[in-house]
Amino acid sequence: MREAIKLSVDNVDNKGGPFGAIIVKNGKVISYGANKVTVTNDPTAHAEIIAIREAAKNLKNYNLSGCDIYTSCEPCPMCLSAIYWARIDRIFYGNTKTDAKNIGFDDSFIYDEIALPLEKRKIKTTQLLRDEAIEGFRKWDRFEGKVEY
């Protein structure tokens with residue numbers, strides 16, 4: 001946890017956000033991540049996402065079962081979702097989402113939006129061409145060589 005915290009503190013000096021994360025498997029650090037949103041102009045470059053991408057690359061596996069993530073702050077909705085998709089076993093965090101909100105990193109509106117019906121969300125969402133789009137799903141369903149994840 002101290003390494004994740006140190007990454008968050010040091011990252012401020014590198015013009016990144018105050019977030020750091022590490023992924024550990026069997027007591028060994030597999031990957032490091034520090035927030036690079038403003039440095040790379042990538043809104044998905046959160047510390048946890050970077051650490052997950054590096055861990056998957058280093059382990060040559062998208063399934064990170066058996067891994068733990070240590071992050072300097074309670075994960076935002078995007079990072080929490082990625083942690084679940086990666087099948088990470090445990091999350092350890094330092095700062096809370098309220099601590100993050102208090103310095104301008106407020107994700108509560110996203111949690112609120114997710115709970116709303118599509119027609120009440122701030123970003124207009126419209127379904128198009130489902131009859132055509134479903135073909136990819138049908139093909140996947142029939143594909144004998146698929147890797148389930």
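This is a short tutorial dialogue on reading a sheet, some aromatic pairs and one serine in a predicted model.

User: Let's start with the sheet. In what order do the strands sit?

Analyst: The general idea is that strands of a sheet pair through backbone hydrogen bonds, either parallel or antiparallel. Here, four strands make an open sheet in the order β2-β1-β3-β4, with mixed pairing. β2 (28-34) and β4 (90-95) are the edge strands, each with a single partner, so one side of each has no neighbour in the sheet. From one strand to the next, the twist averages 15°.

User: In which sense do β1 and β2 pair, and over how many bridges?

Analyst: β1 (residues 20-25) and β2 run antiparallel, over six bridges. To find your place in that pairing, look for alanine 21, which stands opposite glycine 33 in β2.

User: Which strands does helix α1 touch?

Analyst: Helix α1 (residues 2-13) packs on the sheet and touches β1, β2 and β3 (67-73). Its direction makes about 155° with that of β1.

User: Now the rings. How many aromatic pairs are there?

Analyst: Four aromatic pairs. To read one, look at the distance between ring centres and the angle between planes; planes over 60 degrees apart count as edge-to-face. The rings of phenylalanine 19 and phenylalanine 105 have centres 4.9 Å apart and planes at 90°, so that pair is edge-to-face.

User: Where in the chain do those two sit?

Analyst: In distant parts, 86 residues apart: phenylalanine 19 is in the loop between α1 and β1, and phenylalanine 105 is in the loop between α5 (97-102) and α6 (108-115). Phenylalanine 19 is buried, at 14% relative accessible area, whereas phenylalanine 105 is partly exposed, at 33%.

User: Why is the pair of tryptophan 140 and phenylalanine 143 called tilted?

Analyst: Their planes are at 45°, with ring centres 6.4 Å apart, so the pair is tilted. Tryptophan 140 is partly exposed at 39% relative accessibility, and phenylalanine 143 is partly exposed at 45%.

User: What lies over the face of tyrosine 111?

Analyst: Lysine 97, at 4.6 Å from the ring centre.

User: Last one: is serine 31 buried or exposed?

Analyst: Buried means under 20% relative accessible area, and serine 31 has 2%, so it is buried. Serine 31 lies in strand β2. The residues it touches, leaving out those up to four places away in sequence, include Ala21, Ile22, Ala51 and Asn58.

User: What lies 2.7 Å from a polar atom of its side chain?

Analyst: The backbone oxygen of alanine 51.

Notes: Residues numbered from 1 in each chain as written. Predicted model: local features only at pLDDT ≥ 70, side-chain atom pairs only at ≥ 80, totals over all residues. Heavy atoms only, no water. Pairing = 2+ DSSP bridges. Axes fitted to C-alpha atoms, helices over the stretch in contact; angles between N-to-C directions. Contact = heavy atoms within 4.5 Å. Phe/Tyr/Trp six-rings, centres within 6.5 Å; stacked < 30°, edge-to-face > 60°. Buried < 20%, exposed > 50% of the residue type's maximum accessible area, 1.4 Å probe, protein only. Lys NZ or Arg CZ within 6 Å of the ring centre and 35° of its normal. Polar contact = N/O pair within 3.5 Å; in protein donor to acceptor, adjacent residues only side chain to side chain.
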